[in-house]
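Work through the exercises below with the sequence and the model open. Try each task before reading its solution.

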Amino acid sequence: MALNTDPSAMRLEQFGIAGATGDIRSWLLRARWFGGRQHRVALVELDDLAVLRPADPTVLFTLWRVDYADAPTETYSLPLGIRPTPHPIADLGADHLIGTVAAAAGTLLVYDALADPEAAIELWRMLAEEREVETGSGRLIGRHLVGIDPGIADRPRLLDVEQSNSAVVRGHVDFLKWSRRIEPGPSVELEMAQTLGERHFAHVPALHGHLSYRRGAGAPALQALLHAYLHNGTQGWTLALTSLRDLYASAEEDGAGSALERWELVDDQGGSFQGEAARLGTVTAELHLALADPALSGVLAPEAVGPAQLAAWADAMTGQLDRLLTSGDPAIAPLRERRETLVTKFDALRRLGNGGLAIRVHGDYHLGQVIRTDEGWKIIDFEGEPAGEVEARRRRSSPLRDVAGMLRSFDYAAAAALTERMRPHDPLWHHLSAAGEAWALANRDALWAAYLERVDGTALLPMGGDALVIRRAFEVNKAVYEVGYELGHRPGWVGIPLRFLLAATP
Amino acid sequence: MWSDTKNRYTDARIIFVDTETSNWTWDDGAGAYYWHRFFSHQPDLNYDNPKVREEMVDICRFWLDVGIDGFRLDAVPYLYARDGTNCENLPETHAFIAELRATLDREYGGGRVLLAEANQWPEDVVDYFGTEESPECHVCFHFPLMPRIFMGLRREQRYPITEILERTPALPTVSAQWGIFLRNHDELTLEMVTDEERDYMWQEYARDPRMKLNLGIRRRLAPLVNNGRRQMELFYGMLLSLPGSPILYYGDEIGMGDNIYLGDRDGVRTPMQWSADRNGGFSHADFAQLYLPPLMDPVYGYQSVNVEAQRRSETSMLQWLRRFVAVRRRWPVFGLGSFESLNATNPSVFAYLRVHEDHAVLCVNNLSRFAQPVELDLRRFAGMTPVEMLGKVHFPKIRELPYLLTLAPHGFYWFSLESMP
């Protein structure tokens, strides 16, 4: 690569790492959090740069613009660490080590700064000291809500759970969520964290600070959030699977059983999840009641749902179903036959006069987004539907959209625990699958009953059976979405939402 | 405590709900009602009377002179009653205990112990330790921990246990320690759990209604875990390593059973099974003369479960437990160390650190009936070697990466974290 014609390399030359420009590009394109795999990449160019720490190690904040031939441009954030060799950081492995460059003073290592505790701590300092750092075309702005001590013994550790973000945790203290993709405009997650924090809602991790990137005079974009660490936490998904393993092991011992025996099995289960599900229902209700605060205004203000909104939901849901039905996949065939019955679930919305309130919701609510701690359930990741655009994620909706997402998640847990246990041709598959369905139903009921009990007497939901009508519409809508998602990503899983839709339309 | 009316202290709850309907009972001889927090054949003493207090202290002196090590203060929250209160944990009660402790310290020096039996939440019980200026009890039973250990095992997850430990306040005096136990001579009490948790415990551990008593379960350790040796070992592994002074109930060290057909709490109070001789070696009396019959069933009876036989077998419950008690006694960290639960990635694994001065011990328990892996963040001990404390086996050195352990079903480890040259 000719250095003099590569603008990115020219800007990196002042740090002696121009030779790593190609390595950085290819590393970015193969990182797990890179979201443009299905598109044709036209250009990867260094977009902005700031020095966060001059040496030992050098820490650079870099933004990279990715242009596609067939999609809108994206911007990725990549904090770089630079150290001279030899250094133990060279053992990081290909996931974090980007390249090595021969420089005048010797060989330099270029790597993901989040993976080096001494480099990553510089990000904590940005928040602790409320630093504002000039970048080439903008500035980075650190803020904190509580005192942050960068000097504690617990050093930052990059977790191995990257998706669209990276997570760096300090012992039992705090948790930095680093956005890999920088999106201009207000951050849904920061907005929600601040709103819930102001309302003293205790079931989210407390917000400790945040780092924003502002290009020119534009609106600040969220770069990172610092949250309280959730001590002794376990993901709801993991906990549900623990309960299901206990159930399936008992079901295997009992052999094939009747529906009644399966109910008894679930009801008498030692590893029962129903208490947890009920507490989750209560916490979910409290989240929604906090977000239904009449004092909230602007994009957060709760809105009464009348016939027009209900009809609009029904139209949107029907539209999504019809888009799915245009797919030629043979798995869809049974749904096509049942289209009319499915649409009646949506049309039922049109008969309601009052749909309760539309509020800001979690938007991507499932068992993976809730953490069991010694203080009960905590809810995380308020980013909304990951694929949605910012404005869509800020759209107010029925709280039952969240509830429906969580209820659907129980089905997925039952299926996932069964899949890890045996293959579908196993002679016990049907017996266990029925036990899993009984488990999911019992836990759905437990969550729903606790949710209703907590919101009773508020304006959040319409009275009586009308709430169930809305819940069913959102559940069916969610399952329709799941069928489409699974066909595109995990065809082996399409049976999970399909079974639900077939059972809903007998 | 006499009264012409039953309408006093009406906010005091009835504890033995299975047998009593009121805390007052009429006495024809006195022509008055008398006060009793427990059975009607157990009238309460009037501690407002200074002569009663003096007499109680004198009785304590008598036994201390005989040479006993200390007292278990039975039902200590209920010494006094006052209108307008629930008649529990009143300031007058604390004042009397502080007075008793002062007498003990002044007249007998150290080495004698007051142990509070207050079946309350830890945040209330902690008051029975008193303060450095006015100390009360040396040890307080930690009641809510016990049912939660059973709940954690049955649910195969640690949260029932870690929640209550998180809720347990710090010890207020240097001489204070919690008394922890798995079972005792009373029912496995479920007063300090939620209604939902109580229903769950009854369903899981007291399937036969005869097993219930008041708000509890009248069963011994071994039958509660279906005589599962691994479960019992896991329970003892936790009992001997959690913060607190472990207290064992007689017979549980050999895995004795219970007799749910005996009335009230007698089911867990059958004669100690010393040997396979007559009456389990407990008494030479004729069988018919015994107050309670020894167990004779084929699984738990004295012919199969007894001390003599277990002494002869290296692998018996008794010998196993003796070895663990010996390990615990060798290391001050178990008695004095701080406690910190660790963030295990696997909810079935309950891992914690005990640290005293420069000695750290890592305890890892698998609450599941299946084998489980767990990754622990032990970076702050990077470079140290976990040494399994029973066999002195050296495990791989701790490094920056999460430390991976695999546990057998209901398995557990105690590791001493040591720097190796």
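The exercises that follow concern a predicted model and go from one helix to the contacts between domains and chains.

**Exercise 1. Determine whether helix 4 of chain A is mostly covered or mostly open, and find what its buried residues pack against.**

Step 1. Helix 4 of chain A spans residues 188-198, and eight of its eleven residues are buried. A residue counts as buried when its relative accessible area is under 20%.

Step 2. The buried residues are Val188(A), Glu189(A), Leu190(A), Glu191(A), Met192(A), Ala193(A), Thr195(A) and Leu196(A).

Step 3. Their packing partners in chain A are three strands, strand 10 (174-179), strand 11 (207-215) and strand 12 (221-228), together with helix 7 (274-291) and helix 11 (390-393).

Step 4. Now look at the two ends. At the start of the helix, a side-chain oxygen of Ser187(A) comes to within 3.2 Å of the backbone nitrogen of Glu189(A). Just after the helix, His200(A) has a positive phi of about 55°.

**Exercise 2. Which parts of chain A are tied together by the salt bridge of Arg360(A) with Glu191(A), and which by that of Glu286(A) with Arg454(A)?**

Step 1. Begin with the side chains of Arg360(A) and Glu191(A), which form a salt bridge at 2.7 Å, N to O. Arg360(A) sits in the loop between strand 15 (357-358) and strand 16, and Glu191(A) in helix 4, so this pair joins parts of chain A that are 169 residues apart in sequence. Both Arg360(A) and Glu191(A) are buried.

Step 2. Glu286(A) and Arg454(A) pair through their side chains at 2.9 Å, N to O. Glu286(A) belongs to helix 7 of chain A and Arg454(A) to helix 13 (residues 429-455), so the parts tied together here are 168 residues apart in sequence.

Step 3. Check the exposure of the second pair. Glu286(A) is partly exposed, at 24% relative accessibility, and Arg454(A) is also partly exposed, at 35%.

**Exercise 3. Describe the salt bridge of Glu134(A) with Arg139(A) and the exposure of each partner.**

Step 1. The N to O distance between the two side chains is 2.1 Å.

Step 2. Glu134(A) has a relative accessible area of 51%. The cut-off for exposed is over 50%, so Glu134(A) counts as exposed.

Step 3. Arg139(A), at 28% relative accessibility, counts as partly exposed.

**Exercise 4. Characterise the interface between the two domains of chain B.**

Step 1. Domain 1 covers 50-330 and domain 2 covers 338-418 of chain B. Their C-alpha centres are 28 Å apart.

Step 2. In the contact, 24 residues of domain 1 meet 26 residues of domain 2. The buried area is about 2200 Å², with carbon and sulfur atoms giving 66% of it. On the domain 1 side, Glu156(B), Arg158(B) and Leu234(B) lose the most area, together 32% of what that side buries.

Step 3. One salt bridge is found across this interface. Arg369(B) and Glu156(B) form a salt bridge through their side chains (2.9 Å, N to O).

Step 4. There are twelve residue pairs in polar contact between the domains. Helix 4 (145-155), helix 5 (159-166), helix 8 (229-239) and helix 10 (317-330) of chain B each supply at least two residues of the domain 1 side. Helix 8 gives the most, with six residues.

**Exercise 5. How many residues does each chain bring to the contact of chain A with chain B, and which residues of chain A supply the most area?**

Step 1. Chain A contributes 31 residues and chain B 29.

Step 2. About 2400 Å² is buried between the chains, and carbon and sulfur atoms give 37% of this area. Arg157(A), Asn232(A) and Asp374(A) supply 23% of the area that chain A buries, more than any other three residues.

Step 3. Four salt bridges are counted between the chains. Glu163(B) and Arg372(A) also meet through their side chains in a salt bridge, at 2.7 Å, N to O.

Step 4. The chains share 18 residue pairs in polar contact. Helix 5 of chain A gives the most residues to its side, seven. By class, the chain A side has five nonpolar, 15 polar and eleven charged residues.

Key:
Residues numbered from 1 in each chain as written. Chains lettered and ligands numbered in written order. Predicted model: local features only at pLDDT ≥ 70, side-chain atom pairs only at ≥ 80, totals over all residues. Heavy atoms only, no water. Buried < 20%, exposed > 50% of the residue type's maximum accessible area, 1.4 Å probe, protein only. Helix = DSSP H or I, 4+ residues; strand = E, 2+ residues; numbered from the N terminus. Contact = heavy atoms within 4.5 Å. Polar contact = N/O pair within 3.5 Å; in protein donor to acceptor, adjacent residues only side chain to side chain. Domains from an automatic or database assignment. Buried area = accessible area lost by both parts, 1.4 Å probe. Nonpolar A, V, L, I, M, F, W, Y, C, P; charged D, E, K, R; others polar.
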